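Please open the structure in your viewer and keep the selection panel at hand, since each stop on this tour begins with something to select. Take the stops in order, and pause at each one before moving on.

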Amino acid sequence: MGWIGPLWIGLAVGVAARWLHPAGGRLGWLAALLSGAIGALIGYYGGQFLHLYADGQIMAWTAAVVGAMLLPAAWGLLRR
């Protein structure tokens, strides 16, 4: 699937994090998009690097979503 799939997941989760989270105003739109995309790519490729799953498996997509959720949350907490 390459890097395009996790990138789109990260962008979507970043927007959802900005829109749905009560303190989403702390994170700007560009920061939400970038942190979601970077988190998804780190989660997706980090697990492949550690040989936890192969490309395209469900666990790879789950790691991309989790990474896309964690990085914007951490960024928002650090911006306090």
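## Stop one: the recorded spans

Select residues 58–78, where the chain is 100% helix and 0% strand and where the end C-alpha atoms are 30 Å apart. Keep in mind, as you look, that this is a predicted model. Next select residues 27–46, a span that is 90% helix and 0% strand, with its end C-alpha atoms 24 Å apart. Both spans come from a record: an unreviewed UniProt entry lists residues 27–46 and 58–78 under "transmembrane region".

## Stop two: α2 against α3

Now select helix α2, residues 29–49, together with helix α3, residues 58–78, and turn the view until you can follow the two axes, which come within 6 Å and cross at roughly 140 degrees. That angle makes α2 oblique to α3, because only angles over 145 degrees count as roughly antiparallel. The crossing in which α2 passes α3 is right-handed.

To see what touches, show the side chains on both helices: on the α2 side the contact includes Ala31, Ser35, Ile38 and Tyr44, while on the α3 side Trp61, Leu71, Pro72 and Trp75 are among the residues that they meet. Sorted by kind, the residues of this contact of α2 with α3 divide into twelve nonpolar, five polar and no charged.

## Stop three: alanine 74

Stay on helix α3 and select alanine 74, which is found in this helix. Is alanine 74 buried or exposed? It falls between the two, being partly exposed with a relative accessible area of 35%. Then add serine 35 to the selection: the two residues are 39 residues apart along the chain, and their C-alpha atoms are separated by 9.4 Å.

## Stop four: α1 against α3

Bring in helix α1, residues 4–20, and compare its direction with that of α3: the axes come within 9 Å and cross at roughly 40 degrees. The two helices are therefore oblique to each other, and α1 passes α3 in a right-handed crossing. On α1 the contact is made by Gly5, Pro6, Ile9, Gly10, Val13 and Ala17, and on α3 by Trp61, Ala64, Val65, Ala68, Met69 and Pro72. These residues of the contact of α1 with α3 divide into ten nonpolar, two polar and no charged.

## Stop five: α1 against α2

Hide α3 for a moment and look at α1 with α2, whose axes come within 7 Å and cross at roughly 135 degrees. That makes α1 oblique to α2, and α1 passes α2 in a right-handed crossing. Select Leu7, Leu11, Val15 and Arg18 in α1, which are among the residues that meet α2, and then Trp29, Leu33, Leu41 and Tyr44, which are among those on the α2 side. How many of the residues in the contact of α1 with α2 are nonpolar, how many polar and how many charged? They divide into eleven nonpolar, three polar and one charged.

## Stop six: histidine 51

Finish by selecting histidine 51, which lies in the loop between α2 and α3. Histidine 51 is exposed, with a relative accessible area of 72%. Look at its backbone as well, since histidine 51 has a positive phi of about 60 degrees although it is not a glycine.

Conventions:
Residues numbered from 1 in each chain as written. Predicted model: local features only at pLDDT ≥ 70, side-chain atom pairs only at ≥ 80, totals over all residues. Heavy atoms only, no water. Axes fitted to C-alpha atoms, helices over the stretch in contact; angles between N-to-C directions. Helix = DSSP H or I, 4+ residues; strand = E, 2+ residues; numbered from the N terminus. Parallel < 35°, antiparallel > 145°, perpendicular 65-115°, else oblique. Left-handed = near helix turned anticlockwise from the far one by under 90°. Contact = heavy atoms within 4.5 Å. Nonpolar A, V, L, I, M, F, W, Y, C, P; charged D, E, K, R; others polar. UniProt positions renumbered as here; feature names shortened; annotations may be inferred. Buried < 20%, exposed > 50% of the residue type's maximum accessible area, 1.4 Å probe, protein only.
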